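Me: I've got a new model open and I'd like to learn how to read it. Can you walk me through it, one feature at a time?

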Amino acid sequence: MPTTAEQAKQSAQRKAAIAHGFDLVADAYGAPDSGAFVQRLGTGLVRRARLRPGDRVLDLGCGRGTVLFAAAEAVGPDGYAVGIDLSPGMVHATAAEIGARRLRNLVVRVDDAEDPGFPTGSFEAVLAGLMLFITPDPAAVLASAHRLLAPGGRFAMTSFGPADPAWERPVSAALAFAEPQQSVEEWSTNKGGNGLLDTPGQITDLLRQAGFGDIETEDEEDVADYRNPEHWWASVWNSGRRATLLELIPAERREDAKKAAFVELDSLAAADGCLTRRSMIRYTTATRT
Ligand SMILES: C[S@@+](CC[C@H](N)C(=O)[O-])C[C@H]1O[C@@H](n2cnc3c(N)ncnc32)[C@H](O)[C@@H]1O
């Protein structure tokens, strides 16, 4: 929790930037073509959360619902899933999809995971897909998740394991065309996140400090295939890295930036031209003891 007025101001600014960044990509985030990667992670997270029919589930940073829709299906008509997100664009797009699919056991709303206004012990499970390393104060979010869980309730989250440095070359090549900005420097030091959940040890410590037990972390390889360089570019353009990185490249330099990225991608392509990216996804589960 911010303890000084200056920290509170920085935290509010960071959250406004997060909301703006995800508003920008809300229409395309997690779309079947460029967002298959996040869809796979969402279903993987829900599987590990071991949800039961009738459970009440809170999904923190629900985005376009890659976790939320799978959770609502797992808990069935006697349970429900609530998604919250800082980004109004994400929430509106997900709400529209809930309406279009006529689903009755899930709702979304704009809210901050640090302090969503629910009574203590309201949920059997709290989930957080790819959000804790983004939010400015993950300890505050975990403290809140612990309070909102019923005794014995389950917490499950995803983050990233070690990245293959070769796949950072195309992004770095494009960023050489960006206006110098602090966020570009941050990206090269902690890959744009808050740097507080980069190792299993950091994750375990944060969860323990929030009062969780039975903490288990498992890395699983994800294999993503890109048809061609344009397909790869679309997946980055429609991700959280758009606002923090790619938008820093002035529009008139973007084509050159893309070409520079594609030169680097060439060296990653197989003989048949296919691009296959292997990355490690980190799944962590814990129990509210
Ligand atoms: C990378 S997206 C992940 C979306 C979704 N969970 C998924 O796995 O596809 C991260 C989301 O977390 C949201 N977020 C970050 N910090 C948040 C906070 N403190 N409260 C609510 N949402 C937050 C962002 O707005 C964004 O939509």
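Reply: Let's start with the inside. A nonpolar core is a set of buried Ala, Val, Leu, Ile, Met, Phe, Trp, Tyr and Cys residues joined through C-beta atoms within 7 Å. Buried means that 20 or more other C-beta atoms lie within 10 Å of a residue's own; 12 or fewer makes it exposed, in between is partly exposed, and the C-beta atoms are placed from the backbone. Here the largest nonpolar core has 60 residues, and Val57, Leu60, Ala71, Val126 and Leu127 have the most contacts inside it. Helix H3 (68-75) is the top contributor to this core, with seven residues. There is also a second, separate core of eleven residues, with Leu175, Phe177, Trp233 and Leu265 among them.

Me: Before we go on, what kind of model is this, and how is it numbered?

Reply: It is a predicted model: local features need pLDDT of at least 70, side-chain atom pairs count only at pLDDT 80 or more, and totals for chains, interfaces and linings use all residues. Residues are numbered from 1 along each chain as its sequence is written. As for labels, helices (H or I, at least four residues) and strands (E, at least two) are DSSP runs, numbered from the N terminus.

Me: Which residues is Leu127 in contact with, leaving aside its neighbours within four places in sequence?

Reply: Contact means that the C-beta atoms of two residues, placed from the backbone, lie within 7 Å. With those sequence neighbours left out, Leu127 touches Leu45, Ala49, Val57, Asp59, Leu60, Val67, Ala71 and Ala156.

Me: What about Thr66: buried or exposed?

Reply: Thr66 counts as buried because it has 26 C-beta neighbours inside 10 Å. You'll find Thr66 in the loop between strand S1 (56-60) and H3. Skip neighbours within four places, and its contacts are Gly30, Val38, Gln39, Leu41, Gly42 and Gly129. Take Val38: 28 residues separate it from Thr66 in sequence, yet their C-alpha atoms are 6.8 Å apart.

Me: Now the ligand. How many residues surround it?

Reply: A residue is near a molecule or strand if its C-beta atom, placed from the backbone, lies within 6 Å of it. Here 27 residues surround the ligand, and Gly61, Gly63, Ala113, Gly129 and Thr135 are the closest. For classes, Ala, Val, Leu, Ile, Met, Phe, Trp, Tyr, Cys and Pro count as nonpolar, Asp, Glu, Lys and Arg as charged, and the others, Gly among them, as polar. That splits the shell into 15 nonpolar, nine polar and three charged residues. H1, helix H2 (36-48) and S2 each supply at least two of the shell residues.

Me: How do I check a helix?

Reply: Compare its span with the expected one, which is 1.5 Å times one less than its number of residues. Helix H4 (residues 88-100) has 13 residues and should span 18 Å; its end C-alpha atoms are 18 Å apart, so the two agree. Inside H4, the buried residues are Gly89, Met90, Val91, Ala93 and Thr94. Their cover includes helix H1 (5-25), H3, strand S2 (80-85) and strand S3 (106-110).

Me: And which way does a helix face?

Reply: An α-helix has 3.6 residues a turn, so residues three or four places apart point the same way. Try helix H11 (residues 254-266), where Ala257, Lys258, Ala261 and Leu265 are buried. These residues cover an arc of only 95 degrees around the axis, so they sit on the same side of H11; the arc is that of the directions from the helix axis to the C-beta atoms. Exposed Glu255, Val263 and Asp266 are on the face turned away from that buried side. Cover for the buried residues includes helix H6 (169-175), helix H9 (229-237) and strand S7 (275-288). One long-range pair here is Leu175 and Lys258, 83 residues apart along the chain but with C-alpha atoms separated by 9.4 Å.

Me: Last one: what should I look for in phi?

Reply: Most residues other than glycine have a negative phi. Arg102, which follows H4, has a positive phi near 50 degrees. Arg102 counts as exposed because it has 6 C-beta neighbours inside 10 Å. Leu130 also has a positive phi, of about 50 degrees, although it is not a glycine. Leu130 is in the loop between strand S4 (123-129) and helix H5 (138-148), and counts as buried because of its 22 C-beta neighbours inside 10 Å.
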